[in-house]
Amino acid sequence: MNDNPEQLANDTTPRVTGIGGIFFFSDNPEETREWYRMNLGLEVNEWGSSFEFRNANRPDEINYLQWTPFKKGSEYFAPSEKEFMINYRVQNIEGLVRNLRANGVTILDEIVAYDYGKFVHIMDSEGNKIELWEPVDSVFTNMGGKTTK
């Protein structure tokens, strides 16, 4: 892998660049969020907690990771039967999906774009649903609000 910071900052190779979110089932998401706020100091909101960090290749850029407890039984993780789902931050989501299709990976839906990024869901070889996210972190930065740091 190339360690040149300028080349890394301009790299568009289709790949995962980090963790974008940790999602898990909870019997009571509101109590779970409150427990984490009180006991572990997370800044929580109605979705969970947004963790703020700096991009290693562009240190002036703020990036985010979302931590969210979902109500047990939520269909959001389907067709996976697991009690968790990981969201991976990616670059060049279109190229990555092309590569995944060529490798026979199950793509569960089409790429959907929002102002805060593009999303698609896939299944891994163990039956885990994975969310891929090509983020637009500046939207969260511009929104403001408390984050866990």
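**Exercise 1. Locate Asn 92 in the chain and describe its backbone and its accessibility.**

Solution. Asn 92 sits in the loop between E4 and H3. The model is a predicted one, and in it the phi angle of Asn 92 is near 55 degrees, which is a positive value in a residue other than glycine. To classify its exposure, take the relative accessible area of 25%; since buried means under 20% and exposed over 50%, Asn 92 counts as partly exposed.

**Exercise 2. Work out the strand order of the sheet, name its edges, and place helices H2 and H3 against the strands.**

Solution. Begin with the order, which reads E2-E3-E1-E4-E7-E6-E5 for the seven strands of this open sheet, with mixed pairing. The edges are then strand E2 (49–54) and strand E5 (112–114), each of which pairs on one side only. From one strand to the next, the twist averages 25 degrees.

Next, consider one pair within the sheet: strand E4 (residues 84–91) and strand E7 (residues 129–135) run parallel and are joined by four bridges, and Ile 86 stands opposite Ile 130 in E7.

Finally, add the helices. Helix H2 (residues 29–40) packs on the sheet and touches strand E1 (15–26) and strand E3 (62–71), its direction making about 135 degrees with that of E3. Helix H3 (residues 93–102) lies across E1, E4, strand E6 (117–123) and E7, and runs at about 15 degrees to E6.

**Exercise 3. Identify the largest nonpolar core and state which element gives the most to it.**

Solution. The largest nonpolar core has ten residues in all, among them Val 90, Ile 93, Leu 96, Ile 107, Val 120 and Leu 132. Sorting the members by element shows that H3, E6 and E7 each supply at least two residues, and that H3 gives the most, with four. Leu 132 illustrates the packing: leaving aside neighbours within four places in sequence, Leu 132 is in contact with residues including Tyr 88, Val 90, Leu 100, Phe 119 and Ile 122. A second, separate core of five residues includes Phe 23, Phe 25, Phe 70 and Met 85.

**Exercise 4. Describe the surroundings of Ser 26, beginning with its accessibility.**

Solution. Ser 26, which belongs to strand E1, is buried, with a relative accessible area of 6%. Its side chain makes a polar contact of 2.7 Å with the side chain of Thr 32, while a polar atom of that Ser 26 side chain lies 3.2 Å from the backbone nitrogen of Asn 28. Not counting residues up to four places away in sequence, Ser 26 touches Thr 32, Pro 69, Phe 70, Lys 71 and Lys 72.

**Exercise 5. Examine the salt bridges Asp 27–Lys 72 and Arg 89–Asp 137, and decide for each residue whether it is buried, partly exposed or exposed.**

Solution. The whole structure holds eight salt bridges. In the one between Asp 27 and Lys 72, the N to O distance is 3.4 Å; Asp 27 lies in the loop between E1 and H2 and Lys 72 in the loop between E3 and E4, 45 residues apart. Asp 27 is exposed at 54% relative accessible area, whereas Lys 72, at 42%, is partly exposed.

In the bridge between Arg 89 and Asp 137, the closest N and O atoms are 2.6 Å apart. Arg 89 lies in strand E4 and Asp 137 in helix H4 (residues 137–143), so this pair ties together parts that are 48 residues apart in sequence. Arg 89 is buried at 5% relative accessibility, and Asp 137 is likewise buried, at 7%.

Definitions and conventions. Residues are numbered from 1 along each chain as its sequence is written. This is a predicted model: local features need pLDDT of at least 70, side-chain atom pairs count only at pLDDT 80 or more; totals for chains, interfaces and linings use all residues. Side-chain values use heavy atoms; hydrogens and water are left out. Two strands pair if DSSP finds at least two bridges between them. Axes are lines fitted to C-alpha atoms, for helices over the stretch in contact, and angles run from 0 to 180 degrees between N-to-C directions. Contact means heavy atoms within 4.5 Å. Buried means under 20% relative accessible area, exposed over 50%, partly exposed in between (1.4 Å probe, protein chains only). A nonpolar core is a set of buried Ala, Val, Leu, Ile, Met, Phe, Trp, Tyr and Cys residues joined through side-chain atoms within 4.5 Å. A polar contact is a pair of N or O atoms within 3.5 Å; within protein, one must be able to donate a hydrogen and the other to accept it, and residues adjacent in sequence count only if both atoms are side-chain atoms. A salt bridge is a side-chain nitrogen of Lys or Arg within 4 Å of a carboxyl oxygen of Asp or Glu.
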